[in-house]
Each structure stands twice: as structure tokens, then as C-alpha cells.
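The following paragraphs walk through a two-chain structure, one chain at a time. Please keep the sequence and the coordinates at hand while reading.

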Amino acid sequence: MNRRPFIAMILAAPLVTRGAAAEEAQAALRSTIDEVLTIANRASSRSALANSVRSVLERRVSFETMTRRAVGVGWKQFSSAQQSKASSLFTTLVIRTYSNKFTPGDTASVDYKAATNPASGRVDVPTTVVYRGSRYAVTYRMEQMSGWKIADVVIEGVSLVANYRSQLDASFKQGGAEAVIRSLEQSVARPS
Amino acid sequence: MKLHRLPPILALVLVSCATPKKTTPATTSSGSAAGAAKAPASGGTDALDDYGDTVVVSDPLEPLNRATFAFNDKFYKWVMTPISKTYTTLFPKPVRKSIDNAYENVKFPVRFVNSGLQGKFGRAGKEAQKFGVNTVAGVGGLFKVSDKIDSLKDVPAEDTGQTLATWGMGHGPYVVVPLMGPMTVREGIGSAGDYFLNPINWGFAFRGDADDWAWIPPAGNTIRSMPGQLDLYKATTENAIDPYTAVRSTYIQNRNSSAAE
């Protein structure tokens, strides 16, 4: 008779673990965003922001995963030198894209909603970012690696990784790894 | 800004004629069907297709679309940007915000009717509450009081394109419309529906006298939405590898996600 609670506990265990994962991921995201916002609210210019935010993002965002997914299936045909080259270029591009969204002097605030657990080791955290009087739906996709890291950002339904993949896929089909690296170099070289 | 709120003149961003509603976050199991074809399970590279599946839309007119895209780019830069700059110089930010709020508030029938047509009656009710609160407490819609009310602040805005998607209509071919920007056949029909549901167009659309006052509200709407649309265009293209593909992917993803929610 007294076994019932015990059985219930065993049955509920996966749910509890999932809840814990979601909480952990959300906590990691919160501390990242807090750090970024503190920097953003202090920054005097966009380039200063990009520089100071870089170290935070490099710790909290898995740029390697993002690059791999943005390149897609072609990734396996990259040599390891090409992979690290592409990864470092893509990192620069993403950080620039991200910091361009801030205007010095305007502060953003973030409302967190209930996180979901689409698969084990993965948590999606939907948020609403309130910025310059408008509300934006931003979902952060977190993955468990060495700690929870951001693997994609979905703004108003638009995934950053999917967006770049649609572009890099075309480069890869045209000229393989070299073409991908060349087009990344061109985008990074273009003044923002 | 909510991309789906943008009026047709430059509705910027969204995939796939066959699948109107793409279920976004693929789980490990459902992602593998598409993933298996592209990424053989060689273990090392994890489910590449789980996130960021390439968003596909039929683009049979791509060469023509690219030419129109290049033309539009110049038009935005040389014609729209100066108009937009003049507007933002003449009107300070809080005033522009209130003008935006008022136009969005008046657009209430678009959201209300389309929520209803999709059977989302709870959402239609919330739209009615929003309209009431913003019109009365927000002085004719100038202040978006509903943003301070938890149940009303994040009601997804429905439009005719989303209704057609919910009814099972696919995107059809992707078309870059001169001056207006990205569109698909479905979204074009949707924009026409939105046009007739939006009271600001009623004077012009149903009386049709261009010498009249009737052209003022729609013209005002076009101008007031320019700064936001140009910002969005810039944000989408400035760090792109290929701006044309970036805008197409952004447009289709955004429209699909709006239709799904």
C-alpha cells in the first residue's frame, strides 16, 4: 500500500529531471542575459559593445555548434583547419549581428516564460524582449554541453542558424568549403 | 516590431508551398526523418537537421526576383530612407510611438475577424478587450495601455495570410514585388484581405475619390511604418552572406511561425 507513493516517484522521475533541466538552462540563460545587459547598458558605442560582450558570449554560446549547423551537411567535408577558420569567422559575424541590435542609450528588459524540453539535453526558453517600446518574441535554444550553452536564437520565428544555413548551403553547393569560408570572409570584411 | 504587423508596402520577411505550417522545434525523433536523408547517421555529426532546417519556398522566378530585389534595394536607399529621415526628424520618438499605436489600434478588425475565422474565439475576445482598453484608457489608441495588462500584452496578431494558412493553403511561389518587397501568392491574397479589413483604407477603397480626404490615412500609414520597415530590412541584410536569400529565409520563417501560433 505504501508502495504507491514510491512507484509514483519512479514514474515521475523523468518529469522531475526534465523540470530540473529546464530550470538549470533557464538559470544559465538568465545570468548570461543579465551580464550582457549590464554591459550593453554601460556601453558608449556599438563597437565597444561588440568587444566587451564577446568574452561573455564566447563562454555562454556554443559558436562551434552554431557554425556546424549553419553550414549543414557540408561540414563533414571541411578539414579541421577549415572548420576552425569557418567557426571563428562565423563567431565574429554572429557577435556583430547581435550587438548591432542594441543602440547605446536604449535599455532592454526581458520577460521569461515557461521553458520547454523538446529533447533530452535541450531546452527552449521563450522570452519577450521589451525594447524601445516594442515587444519581441525571442526564443533561446539551449543545449547541455559543458554546462548549458546557447545553440540558436529565434527572433519573431526566425532562427539565426536556419537563416545562415539557407545562405551558406548555396555557397557550399557552388564551391565547397573554400566558397563557404570566402563568403564568410567577405561578410566579415564588409563594414557594418 | 512584430514582423507580421507590417503593412503590405514592404512586408519583409517568410517557406514552402507544400507545408504551410512547419512545426518548428523538431524533436530528436521527428527530426531524423529529414535528417536521415541529408546526414547519414555517422554518429559524429549530431542531428544537423534538428535546428535550422533550410527553409524552402518555391522560387521559380528567382532571376527576375533578384533583379527586382536589387531595384528595391536602391529604392529603399534613395527614396524611402530620405522620406523616413524627414519623418523621424519632424516627429520626436514618443509622438511616432503614439502614431504607430493609433494605427495598430484602428487595425483591430484585421486581427479580430481573422482570429474568429481561425476559430480562435478566445483570442478574438482578447483583441476586443485590447481595442476597448486602448481606445478608452489609451485616448483613442495613442497609448498602448494593454501592454501593462498581463493577459493582453502578448496576444499574437492574426491576419488574413495566417487564416489562409490555417485553412490549409500553401504559400505558392515566392515573388519580390516592386517597391513592396517579399511576398508569396498566399500572402498577397492575405494582404488584399487585410487591406479591406483595415478601416484606414475604407474611405479610399469604398468611395474611391482621390481628391478627397480619404487618401490621407493610408498615406500616413505608409509613411509612419517606413522607419520600422527600413530598420528591419537593414537588420536582415547588413550581416548577410547573400542578402536576397537572407530576406527570403527571414520572410518565410516569420510567416510560418506566425501562422503556426
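For a pair of helices, the axes are lines fitted to C-alpha atoms over the stretch in contact, and the angle, from 0 to 180 degrees, is taken between N-to-C directions. The model discussed here is predicted.

With that convention, consider helix H2 (residues 46-60) and helix H4 (residues 80-99) of chain A, which pack with their axes 9 Å apart and at an angle of about 125 degrees. Angles of 65 to 115 degrees count as roughly perpendicular and those over 145 as roughly antiparallel. H2(A) and H4(A) are therefore oblique to each other. Their crossing is right-handed. On the H2(A) side the residues that meet the partner are A:Arg46, A:Leu49, A:Ala50, A:Val53, A:Arg54 and A:Leu57, and on the H4(A) side they are A:Ile95, A:Arg96 and A:Ser99.

These two helices belong to a chain that has five helices and six strands. Along the sequence the elements of chain A come in the order α-α-α-α-β-β-β-β-β-β-α. The C-alpha atoms of chain A fill a box of roughly 70 × 45 × 25 Å along the principal axes. Chain A has 192 residues, of which 36% count as buried. Among the contacts in chain A with a separation of 6 or more, 55% are between residues 24 or more positions apart.

Helix H5 (residues 160-189) of chain A departs from a straight course. A straight helix of its 30 residues would reach 44 Å at 1.5 Å a residue, but the end C-alpha atoms of this helix are only 20 Å apart. H5(A) also has a kink of about 130 degrees, centred on A:Gly175.

A backbone detail is found in the loop between strand S5 (147-155) and strand S6 (158-159) of chain A, where A:Glu156 is located. The phi angle of A:Glu156 is near 50 degrees, a positive value in a residue other than glycine. Is A:Glu156 buried or partly exposed? A residue needs 20 or more other C-beta atoms within 10 Å to count as buried. A:Glu156 has 19 C-beta neighbours inside 10 Å, so it counts as partly exposed.

Chain B comes next. Chain B contains 10 helices and two strands, arranged along the sequence as α-α-α-α-α-α-β-β-α-α-α-α. Of its 261 residues, 38% are buried.

Chain B has a positive phi of its own to look at. B:Val139 sits in the loop between helix H5 (121-136) and helix H6 (160-166) of chain B, and its phi is near 50 degrees, although the residue is not glycine. B:Val139 is partly exposed because it has 13 C-beta neighbours inside 10 Å.

Helix H9 (residues 216-237) of chain B can be checked by its length. At 1.5 Å a residue its 22 residues should span 32 Å, and the end C-alpha atoms are 31 Å apart, which agrees. H9(B) nevertheless bends by about 40 degrees at B:Met226, with a proline, B:Pro227, following within four residues. Both B:Met226 and B:Pro227 are among the buried residues of H9(B), which also include B:Asn221, B:Ser225, B:Gly228, B:Gln229, B:Leu232, B:Tyr233 and B:Thr236. What covers the buried residues of this helix includes H2, helix H3 (93-106) and helix H10 (243-260) of chain B.

One of these covering elements, H2(B), packs against H9(B) at an angle of about 125 degrees, with the axes 9 Å apart. H2(B) and H9(B) are therefore oblique to each other, and their crossing is left-handed. H2(B) contributes B:Tyr76, B:Met80, B:Thr81, B:Ile83, B:Ser84, B:Tyr87 and B:Thr88 to the contact, while H9(B) contributes B:Ile223, B:Met226, B:Pro227, B:Leu230 and B:Tyr233.

B:Asn65 also lies in H2 (residues 62-90) of chain B. It is partly exposed, since 19 other C-beta atoms lie within 10 Å. Leaving aside residues up to four places away in sequence, B:Asn65 touches B:Asp59, B:Tyr174, B:Val175 and B:Val176. As for B:Val177, it is 112 residues from B:Asn65 in sequence, yet the C-alpha atoms of the two are 7.9 Å apart in space.

Notes: Residues numbered from 1 in each chain as written. Chains lettered and ligands numbered in written order. Predicted model: local features only at pLDDT ≥ 70, side-chain atom pairs only at ≥ 80, totals over all residues. Buried ≥ 20, exposed ≤ 12 C-beta atoms within 10 Å, placed from the backbone. Contact = placed C-beta atoms within 7 Å. Expected span 1.5 Å × (residues − 1). Bend = angle between axes of the 7 residues up to and from the residue. Parallel < 35°, antiparallel > 145°, perpendicular 65-115°, else oblique. Left-handed = near helix turned anticlockwise from the far one by under 90°.
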